[in-house]
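Here are some notes to go with your first look at this structure. Keep the viewer open and follow along point by point.

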Amino acid sequence: MFNKIADRFPFIEKICGDGGYQDQRVEEASPRPMEIVKRNQAGFQVLPKRWIVERTLAWLGINRRLAKDFERFSATSLAFIQTAMIKLMTKRLARYPLS
């Protein structure tokens, strides 16, 4: 499945992930190099790339169905994530009228 995605989006050079994705199996399955962005446990400090991960998770969390992991099958979760991102991008594109 990852190879199909990599073929569709050849411009993606690196994948950023949360510390939860720090696993040998995930790294082996990934078609692109992965950068794991870890949290800083001692106080607040802005970490490079961490805000991108947190912002994307917050965008997905706005959708009620994605607030918790209710789905039984990963394909269903994937479909709802794709729908949420389509909704987000459609709203953004609608802000700018065609000239």
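1. A word on terms before anything else: helices and strands here are DSSP runs, with at least four residues for a helix and at least two for a strand, and they are numbered from the N terminus. With that in hand, serine 30 can be placed in the loop between H2 and E2. Please bear in mind that this is a predicted model.

2. Now the overall layout. The chain holds four helices and two strands, and from the N terminus the order reads α-β-α-β-α-α. The chain has 99 residues, of which 15% count as buried.

3. Back to serine 30. Is this residue buried or exposed? Serine 30 is buried, because its relative accessible area is 14% and the cut-off for buried is under 20%. Its side chain also has a partner: the side chain of serine 30 reaches the backbone oxygen of arginine 32 at 2.7 Å.

4. Arginine 32 turns up again if you look across to proline 10. Proline 10 belongs to the loop between H1 and E1 and is exposed, at 57% relative accessible area. In sequence, proline 10 and arginine 32 are 22 residues apart, while their C-alpha atoms are 9.7 Å apart in space.

5. Helix H1 has a similar story to tell. Alanine 6 sits in helix H1 and counts as buried, since its relative accessibility is 11%. Have a look at proline 31 too: alanine 6 and proline 31 are 25 residues apart along the chain, with 6.4 Å between their C-alpha atoms.

6. Next, strand E2, where you will find methionine 34. Methionine 34 counts as buried, because its relative accessibility is 18%. Glycine 17 is 17 residues from methionine 34 in sequence, and the C-alpha to C-alpha distance between the two is 7.1 Å.

7. On to the rings. How many aromatic pairs are there? The count comes to one, formed by phenylalanine 9 and phenylalanine 11. Their ring centres are 5.9 Å apart and their planes are at 90°, so the pair is edge-to-face, a label for planes over 60 degrees apart. The two partners differ in class: phenylalanine 9 is partly exposed at 33% relative accessible area, whereas phenylalanine 11 is exposed at 61%.

8. One more ring deserves a click. The charged end of arginine 92 sits over the ring of tryptophan 59, at 4.4 Å from the ring centre.

9. Then there is the largest pocket, which offers about 1,900 Å³ of space. It is lined by 38 residues, and those closest to its centre are Ile5, Ile15, Thr56, Leu78 and Ile81. Which elements give two or more residues to this lining? They are helix H1 (2–8), strand E1 (15–17), helix H2 (24–29), strand E2 (34–36), helix H3 (50–61) and helix H4 (74–94).

10. Within that lining, H4 gives the most, with eleven residues. Sorted by class, the lining of the largest pocket has 25 nonpolar, six polar and seven charged residues.

11. If you only have time for a few stops, try these. Start at serine 30, whose side chain reaches the backbone oxygen of arginine 32, go on to the edge-to-face pair of phenylalanine 9 and phenylalanine 11, and finish at the largest pocket, with H4 as the biggest giver to its lining.

Methods. Residues numbered from 1 in each chain as written. Predicted model: local features only at pLDDT ≥ 70, side-chain atom pairs only at ≥ 80, totals over all residues. Heavy atoms only, no water. Phe/Tyr/Trp six-rings, centres within 6.5 Å; stacked < 30°, edge-to-face > 60°. Buried < 20%, exposed > 50% of the residue type's maximum accessible area, 1.4 Å probe, protein only. Lys NZ or Arg CZ within 6 Å of the ring centre and 35° of its normal. 1 Å grid on protein atoms, 1.4 Å probe; cavity = no way out; pocket = protein on both sides within 12 Å on 5 of 7 lines; lining within 4 Å. Points joined across faces, edges and corners; volume = space filled by probe spheres on them. Nonpolar A, V, L, I, M, F, W, Y, C, P; charged D, E, K, R; others polar. Polar contact = N/O pair within 3.5 Å; in protein donor to acceptor, adjacent residues only side chain to side chain.
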